[in-house]
Amino acid sequence: MYDELNLSNDYDMGESPLLILKDIQKESLDVRSGLLILAVFWFHGAVMEGPADPPQDPTSARIAREIKAANSIWRTPDGSRKIEFRPIRYYDADFEIVNVDAETLSEEKTEAIMSLGNKVYPSADCFVFYIPGENFSNGAVAKAYKRYINNKEIYFIIMSNGARARIEDRWKKGNDYALAHELGHILYYSNSFGNNSDPDPNGADSGHHNAGDKGNLMCPTLVAGEIPTLKEEQIKKGLESKFFVS
Ligand SMILES: [Zn+2]
């Protein structure tokens, strides 16, 4: 009661008391856990490590490993702060959009994929699309996006085959934590205070972590096949996502 009294004394003239109260609550909120609902889609030719192709098993080994990796790293060792990523829908997308491939992915196809996600599962927090192709035309193997459909914020990730962890010619390639990295971008993009930067940013590339701290999950590149690190400050930052702060 006493705090409320103080707050009411602090109202600026001309501003809505309700708005000010909401802002103050947000800034003082210490969010300890969050749940992000993922709708997962895949296209024919995406390597899912499931059984017959198609149809593919929604419990695909690749999806299971990558989501497990994300859940294991976006939490403090003692579990006092944690973000849970829960896949609640799997969907075979080829009936809707054909010839999707990372190497030739056009703006039109990107828009079509995003719209499909929003149409099929509008209440998901984030969509994850697994598509064929070893990488995008700029060399990236996975990408995170924030876009809009009719003023609604749409968050989605596209994973190419090149992102997946495997051994080729006796070399480790890809990383099970690539999805966890992209989910980090989604958490930063959806920051409640509009601060999209990593707490220790990589210079002007502020959405990534300082590249000097090699091996950190949010560095611009992940080391193939190695388990990355993540600092508590980054987990705290992730917990500021609008999906967890109300
Ligand atoms: Zn990145």
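How many bridges join E1 to E2, and do these strands run parallel or antiparallel? In this predicted model, 10 bridges join the two strands, and they run parallel. Strand E1 covers 33-42 and strand E2 covers 82-92. One place to look is Ala39, which stands opposite Arg89 in E2.

Now widen the view to the sheet. It is open and has 5 strands, in the order E2-E1-E3-E5-E4. Its pairing is mixed. Strands of a sheet pair through backbone hydrogen bonds, either parallel or antiparallel. E2 and E4 form the edges, each pairing on one side only. On average, neighbouring strands are turned by 25° against each other, direction ignored.

Next, add a helix. H4 (107-120) lies across E1, E2, E3, E4 and E5. Against E5, H4 runs at about 115°.

Then turn to the interior. The largest nonpolar core has 55 residues. Strands E1, E2, E3 (126-130), E4 (142-149) and E5 (152-159) each give two or more residues to this core. Helices H3 (61-73), H4 and H5 (178-189) do so too. H5 gives the most, with 7 residues.

Which residues have the most contacts inside this core? They are Ala70, Cys126, Val128, Phe129, Ile157, Met159 and Ala180. Take Met159 as a worked case. Leave aside its neighbours within four places in sequence. Met159 is then in contact with Val128, Phe129 and Tyr130, and strand E3 spans 126-130. Met159 also touches Ala142, Ala178 and Leu179. For reference, strand E4 starts at 142 and helix H5 at 178.

Conventions
Residues are numbered from 1 along each chain as its sequence is written. This is a predicted model: local features need pLDDT of at least 70, side-chain atom pairs count only at pLDDT 80 or more; totals for chains, interfaces and linings use all residues. A nonpolar core is a set of buried Ala, Val, Leu, Ile, Met, Phe, Trp, Tyr and Cys residues joined through C-beta atoms within 7 Å. A residue is buried if 20 or more other C-beta atoms lie within 10 Å of its own, exposed if 12 or fewer, and partly exposed in between; C-beta atoms are placed from the backbone. Helices (H or I, at least four residues) and strands (E, at least two) are DSSP runs, numbered from the N terminus. Two residues are in contact if their C-beta atoms, placed from the backbone, lie within 7 Å. Two strands pair if DSSP finds at least two bridges between them. Axes are lines fitted to C-alpha atoms, for helices over the stretch in contact, and angles run from 0 to 180 degrees between N-to-C directions.
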